[in-house]
Amino acid sequence: MKTLLVLLALAGGASGFPEAVLFLSGAPCMEELDAQVLERYETLRDRPLDLNSCPRSRLLSSGLFSPFQVASLVDYRARTGDVLSFDELSLVDGFSPEFADALRHFVLLRSSLPPGTRERSRIESITKPSFGDTVTMTFAAPVPSTASSC
């Protein structure tokens, strides 16, 4: 069964898929991979994660990222907005150019926002009250993603 999975991954995969799996898993060769590990990568290849809409928990459970990388990516998205390219992803702390390139087979970088914009926060404005003043707060729900792979 394991040999069949390895052969299917090598024959039917996109160009560079085996190399990406080896790079991300740290395995010396495809034959060394456990069948479950290979199936996880194949599932991610068939249903890639959208890095711009996936929550922290889904990024962690994917097995692709360390907790540091997830925290770094979530912080980057909050500060600068969506990641628009793999070159930009390689600028995020914890993501080398080689790592970002290997992720191409397993993630998407969809964005519904214009470049350089962030999703609005839930609390748009808070007026600091003085004694006897009323407090005004405006809440805005995040813009829902129309196509999420998470």
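**F86**

I started with F86, which lies in helix 6. The model is a predicted one, and I kept that in mind throughout. Buried or exposed, I asked of F86? I found a relative accessible area of 14%, so F86 is buried, given that buried means under 20%.

Next I looked up what F86 touches beyond its neighbours within four places in sequence. I noted A100, L103, R104, V107 and L109 as its contacts. I also checked L109 by C-alpha position: 8.1 Å separates its C-alpha atom from that of F86, with the two positions 23 residues apart along the chain.

**Overall layout**

I then stepped back to the whole protein. I listed 7 helices and 4 strands. Read from the N terminus, their order is α-α-α-β-α-α-α-α-β-β-β. Of the 150 residues, 33% are buried. I also looked at contacts between residues at least 6 apart in sequence. Of these, 56% join residues at least 24 apart.

**Helix 2 against helix 3**

I turned to one helix pair. Two packed helices are described by the angle between their axes and the distance between the axes. I took helix 2 as residues 17–25 and helix 3 as residues 35–46. Their axes come within 11 Å and cross at roughly 125°. Angles of 65 to 115 degrees count as roughly perpendicular, and those over 145 as roughly antiparallel. Helix 2 and helix 3 are therefore oblique to each other. I logged the crossing as right-handed.

Which residues make the contact? From helix 2 I wrote down F17, V21, L24 and S25. From helix 3 I wrote down Y41, E42 and R45. Sorted by type, the residues of this contact give 4 nonpolar, 1 polar and 2 charged.

**The loop between helix 2 and helix 3**

I looked up L33, placed in the loop between helix 2 and helix 3. Its relative accessible area is 6%, so L33 is buried. I also took its distance to V21, one of the helix 2 contact residues. The C-alpha atoms of L33 and V21 are 9.3 Å apart, and the two residues are 12 apart in sequence.

**T43**

Staying in helix 3, I checked T43. At 36% relative accessibility, T43 is partly exposed. I asked how its C-alpha atom stands to that of F106, 63 residues away along the chain. The separation is 8.6 Å.

**Aromatic rings**

F106 came up again when I searched for aromatic rings. F17, Y41 and F106 form one aromatic cluster. I noted that F17 and Y41 are also in the list for the contact of helix 2 with helix 3.

The search of the whole structure gave 5 aromatic pairs. I looked into the one made by F65 and F95. A pair of aromatic rings is described by the distance of the centres and the angle of the planes. Here the ring centres are 5.9 Å apart and the planes stand at 50°, so I entered the pair as tilted.

Where do F65 and F95 sit? I placed F65 in the loop between helix 4 (56–61) and helix 5 (67–80). I placed F95 in the loop between helix 6 (86–89) and helix 7 (97–102). The two are 30 residues apart, and their pair links distant parts of the chain. My last check was burial: both F65 and F95 are buried.

Technical notes: Residues numbered from 1 in each chain as written. Predicted model: local features only at pLDDT ≥ 70, side-chain atom pairs only at ≥ 80, totals over all residues. Heavy atoms only, no water. Axes fitted to C-alpha atoms, helices over the stretch in contact; angles between N-to-C directions. Parallel < 35°, antiparallel > 145°, perpendicular 65-115°, else oblique. Left-handed = near helix turned anticlockwise from the far one by under 90°. Contact = heavy atoms within 4.5 Å. Nonpolar A, V, L, I, M, F, W, Y, C, P; charged D, E, K, R; others polar. Phe/Tyr/Trp six-rings, centres within 6.5 Å; stacked < 30°, edge-to-face > 60°. Buried < 20%, exposed > 50% of the residue type's maximum accessible area, 1.4 Å probe, protein only.
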